[in-house]
Amino acid sequence: MDQRSCQDIYGGLAFLVCSFLAVTFTVLPLLKHLYGWGLWYCLQVLWAGHKGYSQLAGSNSRYQYDAFVVFDTRNKAVSDWVYNALTVNLENSGHRNFCLCLEERDWIPGLSCIDNLHNAVNSSVKTVFVLSSGATGGETVNGVIRQAFFMVQQRLLDEKVDAAILVLLDEMFPKLKYLQLRKRLCKDSVLSWPRNPRAQPLFWNRMRMALSSDNLKFYDNNMSESFI
């Protein structure tokens, strides 16, 4: 077999394929290193525009707040994040300003804790649980957070409304069974606060999408029939 004939037939094609692969595997890591978070953010914005924002049915007449934020008020780090990061980015910036309900700011003085909690959960479209690990590595869930969780679950059973959004402030959060199940059932409702400042715009965009959309639309079809 004449080797020159093989070179004439496949030489040009092999050169083009090798050149394309070399350029691809050189440019892609470089773009990821320089503009990784920016590219992910642009893709997330385009995906959000494709899916669109939708308000839940009856939100204009029944609900007073877009979200009720539940957190451990005794944890100074969590409180600082809620007041200096969450409220600033959701209430005062962005294309849409959300109306948040906070325990220390919006609860009615003199009313019992359980009544204030019931009113906050049922007058808000969503309930945002801000969770953080304690100093010993265990989760810090006080009575207010636990009772609010039960009320949100009751809304799911009675009204078929999934209003829960979980925000994890720690990277190494304990692997709770409900948390693992929630990630499989509706992963878009479980958000982790990134330590990289360049990734934080993506987090706020995902938060706005979660607050503006119905959780039931994001359910895994393979598991949703067992719960709803």
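1. Start in the middle of the sheet. Strand 3 and strand 4 run parallel, joined by five bridges. One pair to find is Thr127 with its bridge partner in strand 4, Ala164. Keep in mind throughout that this is a predicted model.

2. Now look at the other side of strand 3. Strand 1 runs parallel to strand 3, and five bridges join the two. Here Thr127 turns up again, as the strand 3 bridge partner of Phe68. Thr127 is thus a useful residue to click on: its partners include Phe68 and Ala164.

3. How buried is strand 3? Eight of its eight residues are buried, and the strand is mostly covered. For the chain as a whole, 40% of the 228 residues count as buried.

4. Next, step back to the full sheet. What is the order of its strands? The sheet is open, its five strands are paired in parallel, and their order is 2-1-3-4-5. Strand 2 (100-102) and strand 5 (190-192) each have a single partner strand, so each stands at an edge with one side lacking a neighbour in the sheet. From one strand to the next, the twist averages 25 degrees.

5. The strand 5 edge deserves a look. Strand 5 pairs with strand 4 (residues 164-168) in the parallel sense, over three bridges. Within this pairing, Leu168 stands opposite Ser192 of strand 5.

6. Two helices on the sheet are worth finding. Helix 4 (residues 113-122) packs on the sheet and touches strand 1 (65-70), strand 2 and strand 3 (124-131). The direction of helix 4 makes about 115 degrees with that of strand 3. Helix 6 (residues 177-185) also packs on the sheet, touching strand 4 and strand 5. The direction of helix 6 makes about 115 degrees with that of strand 4.

7. Place these parts along the chain. The chain has eight helices and five strands. Reading from the N terminus, the elements run α-β-α-β-α-α-β-α-β-α-β-α-α. Contacts across long stretches of sequence are plentiful: among contacts with a separation of 6 or more, 73% are between residues 24 or more positions apart.

8. Turn to a pair of helices. Two packed helices are described by the angle between their axes and the distance between the axes. For helix 2 (residues 76-91) and helix 7 (residues 200-212), the axes come within 10 Å and cross at roughly 70 degrees. Angles of 65 to 115 degrees count as roughly perpendicular, and helix 2 and helix 7 are therefore roughly perpendicular to each other. Helix 2 brings Trp81, Ala85, Leu86, Asn89 and Leu90 to the contact, while helix 7 brings Phe203, Trp204, Met207, Arg208 and Leu211. By class, this contact has eight nonpolar, one polar and one charged residues.

9. Charged pairs come next. Side chains of opposite charge can pair when their charged atoms come close. How many salt bridges does the whole structure have? A search finds six. One of them pairs Asp170 with Arg195, with the closest N and O atoms 3.7 Å apart. This pair links distant parts of the chain, 25 residues apart. Asp170 lies in the loop between strand 4 and helix 6, and Arg195 in the loop between strand 5 and helix 7. Asp170 has 19% relative accessibility and buried means under 20%, so Asp170 counts as buried.

10. Is each partner of the Arg74 and Asp72 salt bridge buried or exposed? The closest N and O atoms of this pair are 3.3 Å apart. Arg74 is exposed, at a relative accessible area of 67%. Asp72 counts as buried, at 10% relative accessibility.

11. Another salt bridge joins Asp106 and Arg105, at 3.1 Å from N to O. Asp106 is partly exposed, with a relative accessible area of 24%. Arg105 counts as partly exposed too, at 40% relative accessibility. Salt bridges with shared partners join Glu91, Arg105 and Asp106 into one network.

12. One last residue to check is Lys160. Lys160 is not a glycine, yet has a positive phi of about 60 degrees. Where does Lys160 lie? Lys160 sits in the loop between helix 5 (143-159) and strand 4. With a relative accessible area of 45%, Lys160 is partly exposed.

Note on methods
Residues numbered from 1 in each chain as written. Predicted model: local features only at pLDDT ≥ 70, side-chain atom pairs only at ≥ 80, totals over all residues. Heavy atoms only, no water. Pairing = 2+ DSSP bridges. Helix = DSSP H or I, 4+ residues; strand = E, 2+ residues; numbered from the N terminus. Axes fitted to C-alpha atoms, helices over the stretch in contact; angles between N-to-C directions. Contact = heavy atoms within 4.5 Å. Parallel < 35°, antiparallel > 145°, perpendicular 65-115°, else oblique. Nonpolar A, V, L, I, M, F, W, Y, C, P; charged D, E, K, R; others polar. Salt bridge = Lys/Arg side-chain N within 4 Å of Asp/Glu carboxyl O. Buried < 20%, exposed > 50% of the residue type's maximum accessible area, 1.4 Å probe, protein only.
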